[in-house]
Amino acid sequence: MITPLAPATENISGNTLDSTEKCKMVVHRRGCEHNSSVPHMQIPDTHRCMLQQAEVEKQFEEDKLKEALRQKQRWEKWQMEFVESQQRAREFKAYWERRRQDDTDLWRDKDFADAVYKMSRAGYKGEYGHHEVPEEDKIYMEALHKQVTVGDYDGNESLKCAGEWKKLAGKSKIDAQREYIHHTNKMLTRYGWNPPDRRF
């Protein structure tokens with residue numbers, strides 16, 4: 001059982017104690033009564049506390065800087081990966097656009113070759129009548145064919161289609177192909193054609 005302490009108002013020298021010193025003495029006496037092995041209780045030094053607080057604050061700032069550096073590195077890594085992914089997406093898109101264009105060109109070339117073959121057999125001749133493609137249409141189709149295969153007029157005056165070919169100057173190969181296919185379909189619809197004999 002802890003014995004109540006008598007209020008201490010004077011120290012050894014006989015001077016009157018203030019309230020702070022009274023509290024220190026009370027804490028000291030109670031600490032000694034609670035644990036007799038401790039001769040007296042150490043009061044924290046103000047300067048030491050300030051140093052410890054400064055060390056804690058310094059460590060906190062260092063940890064904060066390290067975390068900020070890690071965050072920056074993660075952000076820079078994400079940015080780099082994002083740029084790389086965007087580049088891969090552009091390359092992938094360009095690849096498929098080239099594939100699509102190549103396929104389109106391939107099918108157009110095939111249709112053009114088929115139109116040339118059918119135009120060479122245009123004009124039905126058989127038991128149901130005789131339908132000949134007009135000469136001016138043949139000349140125009142020949143001029144379109146030259147524009148596709150050669151390009152702009154090359155100065156050859158001996159060709160029947162020289163005059164029409166000159167008028168096509170500047171027309172691209174693709175446009176000339178499309179026009180040739182379109183006119184071939186019109187000629188075949190209007191005048192028919194003679195398909196090759198099929199022997200099985």
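Buried means a relative accessible area under 20%, exposed means over 50%, and partly exposed lies in between. Keep that scale handy for the tour. The model on your screen is predicted.

**Stop 1: the whole chain**

Start with everything selected. How many helices and strands does the chain have? There are five helices and two strands. Walking along the sequence, you meet them in the pattern α-α-β-β-α-α-α. Of the 200 residues in the chain, 16% are buried. If you switch on a surface view, the accessible surface comes to about 16200 Å², and carbon and sulfur atoms account for 55% of that surface. Consider also the contacts between residues at least 6 apart in sequence: 56% of them join residues at least 24 apart.

**Stop 2: colour by confidence**

Now colour the chain by pLDDT. The mean is 81, and 76% of the residues reach 70 or more. Select residues 1-17, where pLDDT stays under 50. For this stretch the model has 20 contacts beyond four places in sequence. Then select residues 22-41, where the pLDDT is also below 50; this stretch has 20 contacts beyond near neighbours in sequence.

**Stop 3: charged pairs in helix 2**

Side chains of opposite charge can pair when their charged atoms come close. The structure holds nine salt bridges, and you can visit some of them here.

Select Arg108 and Asp105 and show their side chains. They meet in a salt bridge, with N and O 2.5 Å apart. Where do Arg108 and Asp105 sit in relation to each other? Both are in helix 2, and because they are three residues apart, about one helical turn separates them. Is Asp105 buried, partly exposed or exposed? Its relative accessible area is 22%, so Asp105 is partly exposed. Arg108 has a relative accessible area of 9%, so this residue is buried.

Next, select Lys118 and Asp114, also in helix 2. They are four residues apart, about one turn of the helix. The closest N and O atoms of this salt bridge are 3.5 Å apart. Lys118, at 26% relative accessibility, is partly exposed, and Asp114, at 39%, is partly exposed too.

For a group rather than a pair, select Glu67, Arg70 and Arg74, which are linked in a network of salt bridges.

**Stop 4: helix 3**

Move on to residues 135-149, which make up helix 3. How does the span of helix 3 agree with its 15 residues? At 1.5 Å a residue, the helix should span 21 Å, and its end C-alpha atoms are 21 Å apart, so the two values agree. You can try this with your viewer's distance tool.

Now highlight the buried residues of helix 3: Ile139, Met141, Ala143, Leu144, Gln147 and Val148. Which helices do these buried residues pack against? Their partners are helix 2 (46-120), helix 4 (162-167) and helix 5 (173-191).

While you are here, select Lys138 and Glu132, which form a salt bridge with closest N and O atoms 2.9 Å apart. Glu132 is partly exposed at 34% relative accessible area, and Lys138 is partly exposed at 33%. Then step just past helix 3 to Gly151, which takes a positive phi of about 120°.

**Stop 5: two residues of helix 5**

Select His183 in helix 5. At 18% relative accessibility, His183 is buried. Which residues does His183 contact, leaving aside neighbours within four places in sequence? They are Tyr140, Met141 and Leu144. You have already met Met141 and Leu144 among the buried residues of helix 3.

Now select Gln177, also in helix 5. At 3% relative accessibility, Gln177 is buried. Not counting residues up to four places away in sequence, Gln177 touches Arg108, Asp109, Phe112 and Val148. Arg108 should look familiar from its salt bridge with Asp105, and Val148 from the buried residues of helix 3.

**Stop 6: the cysteines**

A disulfide is a covalent bond between the sulfur atoms of two cysteines. How many disulfides does the structure hold? The count is zero. Select Cys49, which is partly exposed with a relative accessible area of 36%. Finish at Cys161, which is buried at 0% relative accessibility.

Terms used:
Residues numbered from 1 in each chain as written. Predicted model: local features only at pLDDT ≥ 70, side-chain atom pairs only at ≥ 80, totals over all residues. Heavy atoms only, no water. Expected span 1.5 Å × (residues − 1). Buried < 20%, exposed > 50% of the residue type's maximum accessible area, 1.4 Å probe, protein only. Contact = heavy atoms within 4.5 Å. Disulfide = S-S within 2.5 Å. pLDDT = per-residue confidence, 0-100. Areas by Shrake-Rupley, 256 points an atom, 1.4 Å probe, with all protein chains shown as cover. Salt bridge = Lys/Arg side-chain N within 4 Å of Asp/Glu carboxyl O.
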